[in-house]
Amino acid sequence: MEKPIYFDHAATTPVCEQALEKMLPYFSEVFGNPNSQHAFGRESAKAVDEARDTIAKIINCKSSELYFTAGGTESDNWALRGVANAYRERGKHIIISPIEHAAMLSTAKALAKDGFTVEYMKVDEEGFVDLAHLKSIVRKDTIFVGCMLANNEVGTIEPIKEIAEIAHSVGAVCFTDAVQAAGVLKIDVKDLGVDLMSMSSHKIYGPKGVGALYIRNGVKVQSILTGGHQERMKRGGTTNVPAIVGFSTAFEIAEKELDQNFKYVSSLRDHFIDRVLNEVPFVKLNGPRQNRLPANADFSFKFIEGESILFSLDLAGICVSSGSACSSGSLEPSHVLLALGLPEELAHGSIRFSFGKHNTIEQVDYAVETIKSAVKRLREMSPLFKSEGEIKYV
Ligand code: PLP
């Protein structure tokens, strides 16, 4: 069998050659603990400092405002829990969007059990935050307002600058999860006006298990990982030097290639969306056409379970996700699509395609042809389609 086609770049990406090459010496040659007070330690510490400077420059913050973590999940947990604990005397009101990643939603649920009040911003049918609603729910005791920069499932790019202004109007800390956006969109934390921002390496051709949290100087965030004080007293754990070197190298390349990749990947995506909308009946594009991540296309196929299309595509050598990668495998409908107002059966039938810089137009066309035949075959077997679709729509 030929190598399968990978259309799941929002789940993870392969490590690029340059990052891999840069990382290799840090596993065995330059292996010192950067906190050690000797030559081996100093050499590792220099690599970590350089990586921090590189990423800080790209997102326009000071190096002292950037903390390395074990990835987006830890950064999200740390941001929300860390702010809640640091500001609990000032207030206990937290606002997040209902389409956040599970790392945020689950942390918010845990904080609600711990006496905090969690409220959710409204989003419209394309996933954009309703700013008027947000304005109406912020209060004097709101301590945290959090919304992702771009949604991992439907690709919606949120108006973070406006969200930050509303958060600051009541003195709340504003957080954004940029795991899907950093290295894909141009990001300047000062221009966005956010106080905290999560990033992850493995979405941008860097290694897994490493990420960062931007914490604006002056913003209080309590530690959640206690133990050592490796990340300047704020985050314990022996520094993952090779991963950090790989992360910063991948980020540097992503930044250099940003315009070119955006143009290329979004052209594949647009071609795909146009063909599917024109050639597959009873299909709904989830998320917007404009202000959408360049790689993302998410469809609900009426009368068919997302899982059955996923398996048919997998058999044909095409790798995609049903809903978010984290909730795939569960029978729950996507919380994102439900928040966008989709009925349960469509929220169950969604498939996310996320393209990458190594994909080709031929692969995209092959996927469209495969989808057309899989959808036709699955609908022929679907009693729902026979009773509703054929009669109502065909
Ligand atoms: N936030 C978003 C928006 C994501 O898409 C993901 C991963 O899918 C995460 C957070 C978690 O990041 P990580 O896999 O680095 O823990």
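Okay, let's start in the middle of the sheet: G146 has a bridge partner in β6, and that partner is F175. Before I go on, keep in mind that what you're looking at is a predicted model.

So G146 is our way in. Strand β5 covers residues 142-146, and 3 bridges join it to β6, with the two strands running parallel. Another of those partnerships is F144 with V173 in β6. How does the chain get from β5 to β6? The path goes through helix α7, residues 160-169, and this β-α-β crossover is right-handed.

Now look at the other neighbour of β5. Strand β3, residues 93-96, pairs with β5 in the parallel sense, over 4 bridges. Here I94 stands opposite F144. So F144 turns up twice: I94 in β3 is opposite this residue, and V173 in β6 is its bridge partner.

Is β5 buried or exposed? 5 of its 5 residues are buried, so the strand is largely enclosed by the rest of the structure.

Let's move over to β6, residues 173-177. The story there is similar to read: 5 of the 5 residues are buried, so β6 is largely enclosed by the rest of the structure. If you follow the side chains, V173, F175 and D177 point one way, while C174 and T176 point the other way, and all of them are buried.

β6 also has a partner in β7, residues 196-200. Those two pair in the parallel sense over 3 bridges, and F175 stands opposite L196 in β7. So F175 is worth a click on your screen: G146 in β5 has it as a bridge partner, and L196 in β7 is across from it.

Okay, on to the ligand. Which residues come nearest? There are 13 residues around the ligand, and the nearest are G72, T73, D177, S200 and K203. You've met D177 already, as one of the buried residues of β6.

Let me go through a few distances. A backbone N or O atom of G72 lies 2.8 Å from a ligand oxygen. For Q180, an N or O atom in the side chain is 2.8 Å from an oxygen atom of the ligand. And for S200, a side-chain N or O atom is 2.6 Å from a ligand oxygen. How much of the ligand does the protein cover? On its own the ligand has 390 Å² of accessible area, and the protein covers 87% of that.

Next topic, the aromatic rings. Searching the whole structure turns up 11 aromatic pairs. Take Y67 and W78: their ring centres are 5.8 Å apart and their planes sit at 80°, so this pair is edge-to-face. The pair links distant parts of the chain, since Y67 is in strand β2, residues 66-69, and W78 is in helix α4, residues 72-87, with their positions 11 residues apart in the numbering. Y67 has a relative accessible area of 6%, so it's buried. W78 is at 1% relative accessibility, so it counts as buried too.

Now compare the geometry with F247 and F251. That aromatic pair is stacked, at 5.8 Å centre to centre with 25° between the planes. They're 4 residues apart in helix α9, residues 241-256, so about one helical turn separates them. F247 is at 0% relative accessibility and therefore counts as buried, and F251, at 1%, counts as buried as well.

There's also a cluster to find: F7, F272, F299, F301, F353 and F355 form one aromatic cluster.

Let's finish with some loops. Most residues other than glycine have a negative phi. With that in mind, look at R232: its phi is near 45°, a positive value in a residue other than glycine. M233 isn't a glycine either, and its phi is positive, about 70°. Where are they? R232 is in the loop between β8, residues 211-215, and α9, and M233 lies in that loop between β8 and α9 as well. R232 is partly exposed, at a relative accessible area of 33%, whereas M233, at 61% relative accessibility, counts as exposed.

One last stop is D124, in the loop between β4, residues 117-120, and α6, residues 131-137. D124 has a relative accessible area of 30%, so it's partly exposed. Along the chain D124 and G287 are 163 residues apart, and their C-alpha atoms are separated by 9.7 Å.

Technical notes: Residues numbered from 1 in each chain as written. Heavy atoms only, no water. Buried < 20%, exposed > 50% of the residue type's maximum accessible area, 1.4 Å probe, protein only. Pairing = 2+ DSSP bridges. Right-handed = clockwise from strand over helix to strand, strands pointing away. Near = heavy atom within 4 Å. Polar contact = N/O pair within 3.5 Å; in protein donor to acceptor, adjacent residues only side chain to side chain. Areas by Shrake-Rupley, 256 points an atom, 1.4 Å probe, with all protein chains shown as cover. Phe/Tyr/Trp six-rings, centres within 6.5 Å; stacked < 30°, edge-to-face > 60°.
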